[in-house]
Amino acid sequence: MRNAVIAFILAVGFVSPALSQHEPVLDEANNNIADLKSLQRGAKYFVNYCLGCHSAKYVRYNRLAQDLQLSEQQLDENLMFTGEQAFDLMEIAMRPDDAARWFTVAPPDLSLIARSRGTDYLYTYLRSFYVAPDRPTGVDNVVMPGTNMPHVLWQLQGTQRAVFHTDEHNAEVFEGFETVTPGELDARAFDDAVRDIVNFLDYIGEPIKRQRQQLGIRVIGFLLVFLLIAFMLKKEIWKDVK
């Protein structure tokens, strides 16, 4: 048994250079959760393109409206597609067993996806779908090869082809994308739309984050002022001590 394990390890070590793929380079999202307009646009894109399959079950609509400075009418007309009351959670009607049957795996809840994956990962992933006729959804993704997620933003981005070359280890190395059919948005506008979605996902991962950062700045400012007062007081007390 021991010899078999050693042989397996040696075999894996021998073939791994030829089979392994290079890790994708992640682009910087450069999102800003203090950008209220971006969060509002991100919420719009999320409910229109993501909420059909992905829930955000730890977020309530009324909290969303409060933080994004939306009126009850704006909330009801533009964002509340899966809830009836403002205090409802952002859940979906799709049952997990149906989702698993349709997509092989149930689409995950996205409430904490930005905290678990990181904003750079999400920003790069959503922009990295390419045409793959052999896949069930007709697309694949450079960041997550073999993904079961369809390219839900294809109308905005259009379709693109991935260009690879083979390195000295016979591994496919990604070079870039070539446009097949253009979308409704040009490349820069689409990047901005994806950045808005990522910004929204970053916000719902920790809605209190903006207030926490603002409070942190105030606390640091108070400590700096107190430090100055303490320094001046120390000089006054010890001025006669030689």
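**Pockets, core and a buried helix in a predicted model**

Helix 7 contributes four residues to the lining of the second largest pocket, the largest share from any element. The model described here is a predicted one, and this pocket is a convenient place to begin a tour of it. The second largest pocket holds about 510 Å³ of space. Its lining is made up of 24 residues, and those nearest the centre are His-54, Pro-108, Leu-110, Tyr-125 and Met-149. Along with helix 7, helix 2 and helix 6 each give two or more residues to this lining. By class, the lining of the second largest pocket comprises 19 nonpolar residues, four polar ones and one charged residue.

Helix 7 deserves a closer look. Of its eight residues, seven are buried, so helix 7 is largely enclosed by the rest of the structure. The buried residues are Thr-119, Tyr-121, Leu-122, Tyr-123, Thr-124, Tyr-125 and Leu-126. What do these buried residues of helix 7 pack against? Their partners are helix 6, strand 3 (129–131), strand 4, helix 8 and helix 9.

One residue of helix 7, Leu-126, also appears among the contacts of His-151. His-151 sits in the loop that runs between strand 4 (139–141) and helix 8 (154–157). Is His-151 buried or exposed? With a relative accessible area of 8%, His-151 is under the 20% cut-off and therefore counts as buried. Setting aside residues up to four places away in sequence, His-151 touches Phe-129, Val-139, Gln-157 and Gly-158 as well as Leu-126.

Attention now turns to the largest pocket. About 670 Å³ of space lies within it. Its lining counts 32 residues, with Arg-127, Ser-128, Val-142, Phe-174 and Phe-177 lying nearest the centre. Strand 4, strand 5 (158–166), strand 6 (172–182) and helix 9 each provide at least two of the lining residues. Strand 6 gives the most, with seven residues. The lining of the largest pocket divides into 14 nonpolar, 12 polar and six charged residues.

The interior of the model can be followed through its nonpolar core. The largest such core has 42 residues, and Phe-46, Met-90 and Leu-201 have the most contacts inside it. At least two core residues come from each of helix 2 (36–50), strand 1 (56–60), helix 3 (61–67), helix 6 (113–117), helix 7 (119–126) and helix 9 (187–205). Helix 9 gives the most to this core, supplying nine residues. Phe-46 illustrates how these parts meet: leaving aside neighbours within four places in sequence, Phe-46 is in contact with Leu-51, His-54, Ala-56, Met-90, Leu-110, Phe-200 and Leu-201. Two of these contacts, His-54 and Leu-110, are also among the residues nearest the centre of the second largest pocket.

Finally, the cysteines can be considered. How many disulfides does a search of the whole structure find? The search finds zero. The closest cysteine sulfur to that of Cys-50 belongs to Cys-53, and at 9.1 Å it is too far away for a bond. Cys-53 is likewise in no disulfide. As for their surroundings, Cys-50 counts as buried because its relative accessibility is 12%, whereas Cys-53, at 25% relative accessibility, counts as partly exposed.

Conventions. Residues are numbered from 1 along each chain as its sequence is written. This is a predicted model: local features need pLDDT of at least 70, side-chain atom pairs count only at pLDDT 80 or more; totals for chains, interfaces and linings use all residues. Side-chain values use heavy atoms; hydrogens and water are left out. Buried means under 20% relative accessible area, exposed over 50%, partly exposed in between (1.4 Å probe, protein chains only). Contact means heavy atoms within 4.5 Å. A nonpolar core is a set of buried Ala, Val, Leu, Ile, Met, Phe, Trp, Tyr and Cys residues joined through side-chain atoms within 4.5 Å. On a 1 Å grid over the protein atoms alone, a cavity is a set of points where a 1.4 Å probe fits but cannot get out, and a pocket is an open set with protein on both sides within 12 Å along at least five of seven lines; lining residues have an atom within 4 Å of a point. Grid points are joined across faces, edges and corners, and a volume is the space filled by probe spheres set on the points. Ala, Val, Leu, Ile, Met, Phe, Trp, Tyr, Cys and Pro count as nonpolar, Asp, Glu, Lys and Arg as charged, and the others, Gly among them, as polar. A disulfide is a pair of cysteine sulfur atoms within 2.5 Å.
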